Amino acid sequence: MDVYHYERIRAEAGAWGEFEQKRWTGAESLWEALELDAVLGRKAPFVAAFTGGGGKTSLIRRLAWEGRQQGLRVLVIPTTHMAVPERFAVLEDSLRALDDMIKNNKIAVTGKLEEKTPGRKKISFWGWEFYHQAIELADLILTEADGARCLPLKAPGPDEPVIPPDTNLILSICGLKALGKKGEEVCFRREPSREILNRFGRPSLKSEMPWIVETEDMACLMKYGYVTPLKNAFPNARVVPVCSQADSEKIRRAGENIIEQTGAADGLVTGNLQEESSFTLF
């Protein structure tokens with residue numbers, strides 16, 4: 001796995017006033033890049049919500065893996081929908097079953113089993129009453145709070161994402177596999193995406209025109225679709241943009257460019273998660 005952390009630092013410069021530094025550093029893990037040791041001791045349960053498209057579940061698996069390595073009790077619970085887990089599943093609204101799974105394995109994945117379309121099953125949200133009771137059984141809560149139908153790029157709908165009010169960390173994700181592709185093929189909720197781009201990014205992009213996704217488009221959708229509105233809606237949460245699927249140096253540099261264009265104080269670029277043991281955790 002490759003993880004790169006971005007920081008935008010303001011520093012005093014004497015008579016010249018403030019100046020800004022931008023710094024990218026490699027990290028051994030998501031845990032290290034997000035500096036979770038500094039906050040987990042003070043906030044329990046700690047809730048992280050995953051939004052956007054292009055690798056939410058893979059990043060959830062990885063952070064769950066790392067949380068278990070830290071000796072934490074980990075709960076994965078969607079507030080929308082996610083893939084049916086192959087391991088550590090609790091598919092009944094039973095707090096006792098959930099507690100047993102966490103005690104025995106240090107991890108549980110829970111949701112209501114649904115067949116969205118014939119032959120296509122997902123797990124969905126149990127509801128807020130169950131959620132608030134369930135999170136007391138764990139130290140680290142990882143919630144898939146958005147849906148993208150396996151596409152790497154999206155704009156949120158009017159009721160998305162579904163983020164718990166007690167969330168401490170929000171990761172806003174986009175998949176770099178969208179770069180250079182037709183927006184109609186790689187973007188979920190294309191019309192809202194075009195509206196954001198027309199307003200903030202590419203006003204010349206009309207609905208009848210072909211749309212080839214560029215770094216500027218991805219930065220615009222991340223900033224105005226997710227990062228800025230989420231910071232306004234959840235002022236007490238840390239909102240971090242993430243570019244996933246950076247499986248080569250060239251793509252990684254494109255991801256770094258996107259993160260910097262959002263103007264965020266920090267961000268992540270990740271790649272090669274499919275090579276990690278965590279990829280098949282559940």
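Student: Where is Glu 35 found?
Tutor: Glu 35 is in the loop between helix H1 (30-33) and H2. Keep in mind that this is a predicted model.

Student: And what is its phi, the phi of Glu 35?
Tutor: Phi of Glu 35 is near 55°, so to speak on the positive side, and Glu 35 is a residue other than glycine. For background, most residues other than glycine have a negative phi.

Student: Is Glu 35 buried or exposed?
Tutor: In between: Glu 35 counts as partly exposed, at 45% relative accessibility.

Student: What about Arg 189, where does that one lie?
Tutor: Arg 189 lies in the loop between strand E13 (187-188) and H7. Its phi is positive too, about 60°, although Arg 189 is not a glycine. With 31% relative accessibility, Arg 189 counts as partly exposed.

Student: OK, peptide bonds. Which way round is the one from Glu 160 to Pro 161, and what is its omega?
Tutor: The bond from Glu 160 to Pro 161 is cis, with omega near -15°. Pro 161 itself has its place in the loop between strand E11 (153-154) and strand E12 (169-175). As a rule, most peptide bonds are trans.

Student: Let's zoom out. How many helices and strands does the chain have?
Tutor: The chain comes to nine helices and 15 strands. Its radius of gyration is 19 Å, close to the 19 Å that the globule rule gives for 282 residues, so the chain is as compact as a globular protein of that length.

Student: What does the C-alpha trace span along its principal axes?
Tutor: About 55 × 55 × 35 Å.

Student: And how much of the chain is buried?
Tutor: Buried residues make up 52% of the 282 residues. The accessible surface comes to about 13300 Å², and 46% of that belongs to carbon and sulfur atoms.

Student: What share of the contacts is between residues 24 or more positions apart?
Tutor: Taking the contacts with a separation of 6 or more, 73% are between residues 24 or more positions apart.

Student: Now rings. How many aromatic pairs does a search of the whole structure find?
Tutor: Six aromatic pairs. One of them is Phe 125 with Trp 128, an edge-to-face pair at 4.8 Å centre to centre, with 75° between the planes.

Student: Are those two rings' residues, Phe 125 and Trp 128, buried or exposed?
Tutor: Phe 125 counts as buried because its relative accessibility is 19%, and the cut-off for buried is under 20%. Trp 128 is partly exposed, with a relative accessible area of 34%.

Student: Which residues form an aromatic cluster with Phe 125?
Tutor: Trp 128 and Tyr 131 join Phe 125 in one aromatic cluster.

Student: What kind of pair do Phe 200 and Tyr 224 form?
Tutor: A stacked one: the centres are 3.9 Å apart and the planes 5° apart. Phe 200 lies in helix H7 (residues 190-201) and Tyr 224 in helix H8 (residues 215-233), so the pair ties together parts that are 24 residues apart in sequence. Phe 200 is partly exposed, with a relative accessible area of 38%, and Tyr 224 is partly exposed at 30%.

Student: Any charges over rings? Which ring does the charged end of Arg 61 sit over?
Tutor: The charged end of Arg 61 sits over the ring of Phe 282, 5.5 Å from its centre. There is also Arg 252, which lies over the face of Tyr 4 at 4.4 Å from the ring centre.

Student: Back to Arg 61. Which helix lists Arg 61 among its buried residues?
Tutor: H3 does, and its buried residues also include Leu 59, Ile 60, Arg 62 and Leu 63. H3 is mostly covered, with eleven of its 14 residues buried.

Student: How far does helix H3 reach from its first C-alpha to its last?
Tutor: Helix H3 (residues 56-69) reaches 20 Å, close to the 20 Å expected at 1.5 Å a residue. Just after H3, Gly 71 takes a positive phi of about 85°.

Student: Last one: how far apart in space are Ala 38 and Thr 80?
Tutor: They are 29 Å apart, C-alpha to C-alpha, and 42 residues apart in sequence. Ala 38 is found in helix H2 (residues 37-40), and at 46% relative accessibility Ala 38 counts as partly exposed.

Note on methods
Residues numbered from 1 in each chain as written. Predicted model: local features only at pLDDT ≥ 70, side-chain atom pairs only at ≥ 80, totals over all residues. Heavy atoms only, no water. Phe/Tyr/Trp six-rings, centres within 6.5 Å; stacked < 30°, edge-to-face > 60°. Buried < 20%, exposed > 50% of the residue type's maximum accessible area, 1.4 Å probe, protein only. Helix = DSSP H or I, 4+ residues; strand = E, 2+ residues; numbered from the N terminus. Lys NZ or Arg CZ within 6 Å of the ring centre and 35° of its normal. Expected span 1.5 Å × (residues − 1). Rg over C-alpha atoms; globule rule 2.2 N^0.38 Å. Contact = heavy atoms within 4.5 Å. Areas by Shrake-Rupley, 256 points an atom, 1.4 Å probe, with all protein chains shown as cover.
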